[in-house]
Amino acid sequence: MFVSVCACMSVSICQVGYQMPPLWGHLRPSKHFTASLCLCADLAAFREIFSKAKNIAIITGAGVSAESGVPTFRGAGGYWRKWEAQELASPEAFARNPSRVWEFYHYRREVMLTKDPNPAHLAIAECEERLSKQGRKVTVITQNIDELHHRAGSKNILEIHGSLFKTRCMTCGHEAANYKSPICAALEGKGAPDPDTRDAEIPVQNLPRCEQTGCHGLLRPAVVWFGETLDADILTRAEKVLDSCDLCLVVGTSSVVYPAAMFAPQVAVRGVPVAEFNMENTPATMRFKFHFHGPCGTTLPPALARHETEQE
């Protein structure tokens, strides 16, 4: 359904790998949608809609995890050593120099082990648990690969770009969770990001290897790289969530990475309220009913807190 090419560039977000033209001209017309759709930051109005919503979709991106101190490898200074992340996050880069790519991902894994979920992650997880007891559902659709939503306690999560803490065997294809630190002995102490650091040039046989019986193939991070398509099953599940939701939140995402950039506008087109929580306006801001400006860790908790109409 949603088909695109994307690549995981940062610990917290897949940055722009394949950008499509502006979406608005390609959306199906709807009697619910007009160019004058009202944009506001009325928390009381949002809360009234929130109190009645039965199926809530929350789309999250880099802005959520940035408040936990997660590096995004975006903008000025967004380099690891002398490389931009997209120079490392591709099948071609891994084929050319698996040692360098694994140093990059090892560094990111180790950084993430020092970070904690922030109030935005915690508010989402608490909301999901609370509403589930009322027969209501919250689903997180995240571009982030850092697993901070898991650590905060969220259960219904669709990771459309994979996870830093999963690996996939290049030989047998086996995918598994992997939280080892370091992920292999040869990478211990490696991965320093400063530009004067020399490549470790680890022999490929000493890089992370598959532990399936009789395999021992080379492992790679189970994230979506540039030139790779997203998991069709996860995209189908995301589409079902978005098709059935009666409220959508877009939290800390730039709305320029496809296919995730299409998700909320397509929800808005069918007349469902969409609320954007971000530090700045995005290309999609004027298509949504609400925009709450500021750090997600500040704006999101009061928005998702228990409503006065909710039963204990």
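The open sheet of this predicted model has 6 strands in the order β6-β5-β2-β11-β12-β13, with parallel pairing, where two strands pair if DSSP finds at least two bridges between them. Helices (H or I, at least four residues) and strands (E, at least two) are DSSP runs, numbered from the N terminus. The edge strands, each pairing on one side only, are β6 (157-159) and β13 (290-293). Neighbouring strands of the sheet are turned on average by 15° against each other, direction ignored. Strand β12 (residues 274-278) runs parallel to β13 and is joined to β13 by 4 bridges; A275 stands opposite F290 in β13.

Helix α1 (residues 43-52) lies across β2, β11, β12 and β13, at about 125° to β13, with axes fitted to C-alpha atoms, for helices over the stretch in contact (heavy atoms within 4.5 Å), and angles running from 0 to 180 degrees between N-to-C directions.

The largest nonpolar core (buried Ala, Val, Leu, Ile, Met, Phe, Trp, Tyr and Cys residues joined through side-chain atoms within 4.5 Å) has 29 residues, of which W102, Y105 and W225 touch the most other members. Buried means under 20% relative accessible area with a 1.4 Å probe, protein chains only. Each element tabulated below supplies at least two residues of this core, and α4 gives the largest share, 5 residues.

| Element | Residues |
|---|---|
| α3 | residues 91-96 |
| α4 | residues 98-112 |
| β7 | residues 162-169 |
| β9 | residues 219-223 |

Of the 312 residues in the chain, 52% are buried.

Residues are numbered from 1 along each chain as its sequence is written. Local features need pLDDT of at least 70 and side-chain atom pairs count only at pLDDT 80 or more, while totals for chains, interfaces and linings use all residues, and side-chain values use heavy atoms, with hydrogens and water left out.

How values were computed:
Buried < 20%, exposed > 50% of the residue type's maximum accessible area, 1.4 Å probe, protein only.
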